[in-house]
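Me: I'd like to go through the labels in this model one by one and ask what earns each of them. Can you set the numbers against the definitions as we go?

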Amino acid sequence: MKVKVYIGVIGSGKSFMAEKETDIQLAFADALREDVWDILGWRPKTQEEYEEFKEQKWKLPGDRLYYFTGRNILERYGTDIRRKEDPDYWAKKLVDKLILFNSMDTPLYPGKLPPNKCTIGITDCRFENEIVHLIKFSD
């Protein structure tokens with residue numbers, strides 16, 4: 001398995017380049033979204049639904065006056081809860097997925113390479129601890 005990490009500002013083409021240059025694209029935020037979908041008991045079916053979720057106002061149980069956008073919910077859960085509890089939480093989740101992929105010798109989809117033979121693109125590396133965890137994984 002080969003891992004390529006894309007670093008840059010929003011809109012700089014990280015995901016675009018990863019789609020061109022790698023077989024599988026992963027993000028630290030993938031685990032965040034999965035956690036939030038599990039909590040809400042809902043997940044978007046399309047990219048349009050996801051974009052709408054991020055902008056839509058949500059009223060949380062027990063909170064009569066303040067509304068959060070989906071983006072606020074993702075940010076608060078990711079930073080105020082999980083990262084505060086363990087600064088390495090998201091890095092560990094992504095490395096766990098890389099370890100799983102590295103052990104898989106059957107393709108995820110017919111006609112594709114098995115994950116352990118693929119080039120994996122990480123599209124949202126933003127924090128030093130994320131880089132440190134990826135380097136430890138590669139060692």
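Me: Let's start with Val-3: what stands opposite this residue?

Reply: Ile-120 in strand 5 does. A word on ground rules first: this is a predicted model, where local features need pLDDT of at least 70, side-chain atom pairs count only at pLDDT 80 or more, and totals for chains, interfaces and linings use all residues. Residues are numbered from 1 along each chain as its sequence is written, and side-chain values use heavy atoms, with hydrogens and water left out.

Me: And what makes strand 1 and strand 5 a pair?

Reply: Two strands pair if DSSP finds at least two bridges between them. Strand 1 and strand 5 (residues 119-122) are joined by four bridges and run parallel, so they meet that definition. Another facing couple is Lys-2 with Thr-119 in strand 5.

Me: How do you know that strand 2 pairs with strand 5 as well?

Reply: Here there are three bridges, again with a parallel run, so the cut-off is met. In this pairing Leu-26 sits opposite Ile-122 of strand 5.

Me: What counts as a strand or a helix in the first place?

Reply: Both are DSSP runs, numbered from the N terminus: H or I over at least four residues for a helix, E over at least two for a strand. On that basis the chain has six helices and five strands.

Me: Why are strand 1 and strand 2 said to stand at the edges?

Reply: The sheet is an open one of three strands, paired in parallel in the order 1-5-2. Strand 1 (2-5) and strand 2 (24-26) each have a single partner strand, so each has one side without a neighbour in the sheet. On average, neighbouring strands are turned by 25° against each other, direction ignored. Helix 5 packs on this sheet and touches strand 1, strand 2 and strand 5, its direction making about 160° with that of strand 2.

Me: What makes Thr-119 buried?

Reply: Buried means under 20% relative accessible area, exposed over 50%, and partly exposed in between (1.4 Å probe, protein chains only). Thr-119 comes out at 17%, so it is buried. Leaving out residues up to four places away in sequence, Thr-119 touches Lys-2, Lys-4, Glu-21, Thr-22, Asp-23 and Ile-24, where contact means heavy atoms within 4.5 Å.

Me: Which way do the residues of strand 5 point?

Reply: Thr-119 and Gly-121 go one way, Ile-120 and Ile-122 the other, and all are buried. In a regular strand, side chains alternate between the two faces of the sheet.

Me: Why is Asp-88 called partly exposed?

Reply: Its relative accessible area is 24%, which falls in the in-between class, so "partly exposed" is the right label. Asp-88 is in the loop between helix 4 (70-85) and helix 5. Apart from neighbours within four places in sequence, it contacts Asn-129 and His-133.

Me: How do you know that helix 2 is roughly perpendicular to helix 5?

Reply: Helix 2 (residues 28-40) and helix 5 (residues 89-103) pack at about 100°, with their axes 8 Å apart. Those axes are lines fitted to C-alpha atoms, for helices over the stretch in contact, and angles run from 0 to 180 degrees between N-to-C directions. Under 35 degrees counts as roughly parallel, over 145 as roughly antiparallel, 65 to 115 as roughly perpendicular and the rest as oblique. That makes helix 2 roughly perpendicular to helix 5.

Me: Is helix 2 parallel or perpendicular to helix 4?

Reply: Their axes come within 10 Å and cross at roughly 105°, so these two are roughly perpendicular to each other. On helix 2 the contact uses Leu-32, Arg-33, Asp-35, Val-36 and Ile-39, and on helix 4 Ile-73, Leu-74, Tyr-77, Gly-78 and Arg-82. By class that gives six nonpolar, one polar and three charged residues. For those classes, Ala, Val, Leu, Ile, Met, Phe, Trp, Tyr, Cys and Pro are nonpolar, Asp, Glu, Lys and Arg are charged, and the others, Gly among them, are polar.

Me: Last one: why do the buried residues of helix 3 line one face?

Reply: Helix 3 (residues 47-55) has Tyr-50, Phe-53 and Lys-54 as its buried residues. Looking down the helix axis, they fall within an arc of 95°, so they line one face; the arc is that of the directions from the axis to the C-beta atoms. Glu-48, Glu-52 and Glu-55 are the exposed residues on the face turned away from the buried side.
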